[in-house]
Amino acid sequence: MPSRGTMADVSPDFDDDAWISFVRGVLPAPDANLMRAHLDRRCVACQPTHQTWKRFVETVSPDVPDVPAESANRSIKALFTLMRCIPFSAGVALLAKRVFDSSLDPSPVGIRGSSVSARQLQYEAGDYLIDLQLERRTGGAGTLVGQVVHAWREGASCGAGVVLLQEGAVVGQTCANSLGEFQFDFAHRDNLRIGLGIPDGVLIDVPLSDVGEVASVIWNIQGLVITITISGRANDHLRGAIIQAMSSPEFPRMPAVVMDMRYATENPTPDQLRLRAGWIATLLSRRSGSRCALVVGARPHHYGLARILSVCLETEGIQTEVFTNISEAKRWLTPARGRKGHDCASG
Ligand SMILES: [Zn+2]
């Protein structure tokens, strides 16, 4: 087994495939015996190489999914190459370009329904196409489901190495399955980045740094009640969410709005809040007497923002009340008898 300028390239005596097969216990007996005998002679070059591969294969093996057995080696190599190149220095990896973002597309195709918590993103890098879907859970945590495929070579991405980076540190590693699919859970969405190591040697860098912010406004329609949830920072994405909600076939004829800001970490200016009140008024068709419930965390900062926003909303003719409990907020919004004379709360 001659060396061929291998990736581990610290051992002159065996190549990467031999090491990976040896460590995985799939090397034919004669070759395996040869390597064992060689290691028993305490070759100073091979011992650390053996340790490196052993540790690496032990770490990633449970994550190598349904790739065919004969592809497992190239899959492990792809991930190893990728890990050695992280963080990417300039020019090492193809920088993926975003070509589609569902949050910027006001058409409701594929996002119809009572709950829109997933955001679809598409990227291109060389001949590779990357599809990502971000699903949000409460408090900023979520799941990232992805697929990388070659534009015309089927199976090229089978077993690709994939790492998830956050603030430049590796927070997850896996191998894509036979269809190039992979999945990660993450605790918060800020400054995420994906590194891909395709078995053919191509490295791809997918920056998701702005994803956390853009995905942080979601909407949901239940009967008459439209719930808009801000997690982290809304920035100007509230507008996009409102346009999406308004183009939904489930948009109610006489809507009421819950602004759920319990998970917001932003600090909007009074001008920005005034702008938001305008968008909420648009959502409520500027019908006077419409209701908007503001739900905030039990924090002075949140109360302060809610108070300013409710003043702006009342200027728009919208009845507003501030809650810390979302069920109470929804109860207040549900049209009920004897509610007609309700006072406009200013928070
Ligand atoms: Zn050796």
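Two residues are taken to be in contact when heavy atoms of each lie within 4.5 Å. On that basis, residues 24 or more positions apart account for 66% of the contacts in the chain with a separation of 6 or more. The model is a predicted one, in which local features need pLDDT of at least 70 and side-chain atom pairs count only at pLDDT 80 or more, while totals for chains, interfaces and linings use all residues. Residues are numbered from 1 along each chain as its sequence is written, and side-chain values use heavy atoms, with hydrogens and water left out.

The chain holds nine helices and 15 strands; these are DSSP runs numbered from the N terminus, with helices being H or I runs of at least four residues and strands E runs of at least two. Of its 347 residues, 47% are buried, where buried means under 20% relative accessible area, exposed over 50%, and partly exposed in between (1.4 Å probe, protein chains only).

A good place to start the tour is the zinc ion. Its protein donors are D13 (OD), H38 (NE2), C43 (SG) and C46 (SG), at 1.8 to 2.2 Å from the metal. Donors here are N, O and S atoms within 2.8 Å of the metal (3.2 Å for Na, K and Ca); water is not among the atoms, so sites may look incomplete. The angles subtended by the four donor atoms run from 102 to 117°, which makes the arrangement tetrahedral. That label applies to four donors if all angles lie between 85 and 135 degrees; four count as square planar and six as octahedral if opposite donors are over 155 degrees apart and all others between 65 and 115, and anything else is irregular. For orientation, the ideal angle for four tetrahedral donors is 109.5 degrees. Along the chain, the zinc donors follow the spacing D-x24-H-x4-C-x2-C. Because D13 sits in the segment before α1 (16–24) and C46 in helix α3 (residues 46–60), this pair ties together parts that are 33 residues apart in sequence. D13 is partly exposed, with a relative accessible area of 27%, whereas C46 is buried at 0% relative accessibility.

Next come the sheets. Strands are said to pair if DSSP finds at least two bridges between them. One open sheet of five strands has the order β1-β10-β9-β6-β7 and mixed pairing. Its edges are β1 (94–95) and β7 (169–175), each with a single partner strand, so one side of each is left without a neighbour in the sheet. Within this sheet's order, β9 (residues 192–197) and β10 (residues 203–208) pair in the antiparallel sense over six bridges, and L196 stands opposite I204 in β10. Helix α4 (residues 69–85) lies across β6 (161–166), β7, β9 and β10, running at about 30° to β6; axes are lines fitted to C-alpha atoms, for helices over the stretch in contact, and angles run from 0 to 180 degrees between N-to-C directions.

Elsewhere, β4 (residues 128–136) and β5 (residues 142–150) run antiparallel and are joined by nine bridges, with E135 opposite T143 in β5. Strand β5 also runs antiparallel to β8 (residues 181–186), with six bridges between them, and T143 faces D185 in β8.

A further open sheet has five strands in the order β11-β12-β13-β14-β15, again with mixed pairing. Here β11 (217–222) and β15 (319–323) stand at the edges with a single partner strand each, so one side of each is left without a neighbour in the sheet. From one strand to the next, the twist averages 20°. Strands β13 (residues 256–264) and β14 (residues 291–295) run parallel and are joined by four bridges, and D260 stands opposite V295 in β14. Helix α6 (residues 237–246) lies across β11, β12 (225–232) and β13, at about 25° to β11.

Finally, the interior. A nonpolar core is a set of buried Ala, Val, Leu, Ile, Met, Phe, Trp, Tyr and Cys residues joined through side-chain atoms within 4.5 Å. The largest has 30 residues, and those with the most contacts inside it are I228, V257, M259, M261, C292, L294 and L313. At least two core residues come from each of β11, β12, α6, β13, α7 (270–283), β14 and α8 (300–315). Apart from this core lies another, of 26 residues, including A18, L39, L79 and I86. In strand β14, A293 is buried at 0% relative accessibility. Residues touched by A293 include V257, M259, F323 and W332, not counting those up to four places away in sequence.
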